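Hi,

Here is the structure I promised to pass on. Have a look at it first, and then read on for my notes.

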Amino acid sequence: MKTTARLNLGFVTTLVLFAIASLVTLHAMGEMARSDQAVATAERSKHAADRVAALVREQYIHQAHTIIEGNRSHLDHYNDIAERTRVASDDLIAVTRTAEQRAIAEEVASLVRTNHTDFLATTLPAVDRGDNEEVLRLHLEMERVVGRATTLIGELNEQLEAESAAARRDAIRAQARART
């Protein structure tokens with residue numbers, strides 16, 4: 001084989017190997033981008049869930065203050081928080097990715113609505129009447145609803161954290177393949 005042919009063969013071989021390495025690297029970069037997107041999505045969902053949990057607790061605090069003070073002095077603050085909690089719980093439904101996550105988010109939203117509706121329809125009138133025994137019973141029910149909502153949000157966050165961790169592992173594997 002002539003020297004020119006051997007040089008050409010070597011050059012073509014180098015180009016083919018370079019092209020293969022470039023394709024592998026581009027594929028790995030695409031996998032890393034998809035993994036990063038999955039991590040970001042799970043983190044946004046976790047943030048939305050944490051926001052609902054905080055707002056549910058804040059809503060409950062205003063309900064409890066109304067009960068403790070025995071008057072409507074906290075209702076302005078309460079109504080603002082109740083609306084923000086409702087919107088945040090609806091937003092949580094929108095950012096869920098699986099049917100199981102959606103079911104949990106929908107149950108949380110239902111609990112938020114029930115808590116608000118029951119507070120206005122039954123607890124507040126009992127506070128106005130000074131019916132302390134009924135208020136105490138209703139307060140315990142509110143605590144149960146808030147506890148259930150925060151428990152569900154904890155379960156949802158565990159699922160989202162598992163998704164995020166799996167996506168991070170995928171990104172690390174893709175980086176390792178690209179380095180190799």
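Below is what turned up, starting with the charged pairs and ending with the core.

One thing to keep in mind throughout: this is a predicted model.

**Salt bridges**

Searching the whole structure gives 14 salt bridges. Three of them are worth opening in your viewer, beginning with K46 and E161, whose closest N and O atoms sit 2.3 Å apart. That pair ties together distant parts of the chain, with K46 in helix 1 (residues 3-69) and E161 in helix 4 (residues 132-179), 115 residues apart. How covered are the two partners? K46 is buried, because its relative accessible area is 15%, and buried means under 20%. E161, at 31%, is partly exposed. The pair also belongs to a wider arrangement: E43, K46, E161 and R168 are linked in a network of salt bridges.

Next comes R148 with E107, where the closest N and O atoms are 3.1 Å apart. Here too distant parts of the chain are linked, since R148 lies in helix 4 and E107 in helix 3 (residues 99-129), 41 residues apart. R148 has a relative accessible area of 32% and is partly exposed; E107, with 32% relative accessibility, counts as partly exposed as well.

The third pair is D131 and R129, with 3.7 Å between the closest N and O atoms. D131 is partly exposed at 30% relative accessible area, whereas R129 is exposed at 55%.

**R51 and its contacts**

Helix 1 also holds R51, which counts as partly exposed with 40% relative accessibility. Which residues does R51 contact, leaving aside its neighbours within four places in sequence? They are R84 and A88. R51 and R84 are 33 residues apart along the chain, and their C-alpha atoms are separated by 9.8 Å.

**A histidine in a loop**

If you follow the chain out of helix 1, you come to H74, in the loop between helix 1 and helix 2 (75-95). Is H74 buried or exposed? It is buried, because its relative accessible area is 15% and the cut-off for buried is under 20%. Not counting residues up to four places away in sequence, H74 touches H62, H65, T66 and E69.

**A nonpolar patch on the surface**

Seven names to select together: F11, V12, L15, V16, L17, I20 and V24 form a nonpolar patch on the surface. Together they have about 650 Å² of accessible area. One of them, F11, is found in helix 1. F11 counts as exposed because its relative accessibility is 54%, and exposed means over 50%.

**The core**

Finally, the inside. The largest nonpolar core has 35 residues. Which of them have the most contacts inside it? Those are V52, V56, L92, V108, F119, I153 and L156. Helix 1, helix 2, helix 3 and helix 4 each supply at least two residues of this core. L92 makes a handy starting point for looking around: setting aside neighbours within four places in sequence, L92 is in contact with S45, A48, A49, V52, A105 and L156.

For a quick tour, I'd start with K46 and E161, which form a salt bridge, go on to the patch that includes F11, and finish at L92 in the core.

Cheers

How values were computed:
Residues are numbered from 1 along each chain as its sequence is written. This is a predicted model: local features need pLDDT of at least 70, side-chain atom pairs count only at pLDDT 80 or more; totals for chains, interfaces and linings use all residues. Side-chain values use heavy atoms; hydrogens and water are left out. A salt bridge is a side-chain nitrogen of Lys or Arg within 4 Å of a carboxyl oxygen of Asp or Glu. Helices (H or I, at least four residues) and strands (E, at least two) are DSSP runs, numbered from the N terminus. Buried means under 20% relative accessible area, exposed over 50%, partly exposed in between (1.4 Å probe, protein chains only). Contact means heavy atoms within 4.5 Å. Patches are made of residues with over 30% relative accessible area and no salt bridge: like charges are joined within 9 Å, nonpolar side chains (Val, Leu, Ile, Met, Phe, Trp, Tyr) within 5 Å. Accessible areas come from the Shrake-Rupley method with a 1.4 Å probe; for residues, only the protein chains shown count as cover. A nonpolar core is a set of buried Ala, Val, Leu, Ile, Met, Phe, Trp, Tyr and Cys residues joined through side-chain atoms within 4.5 Å.
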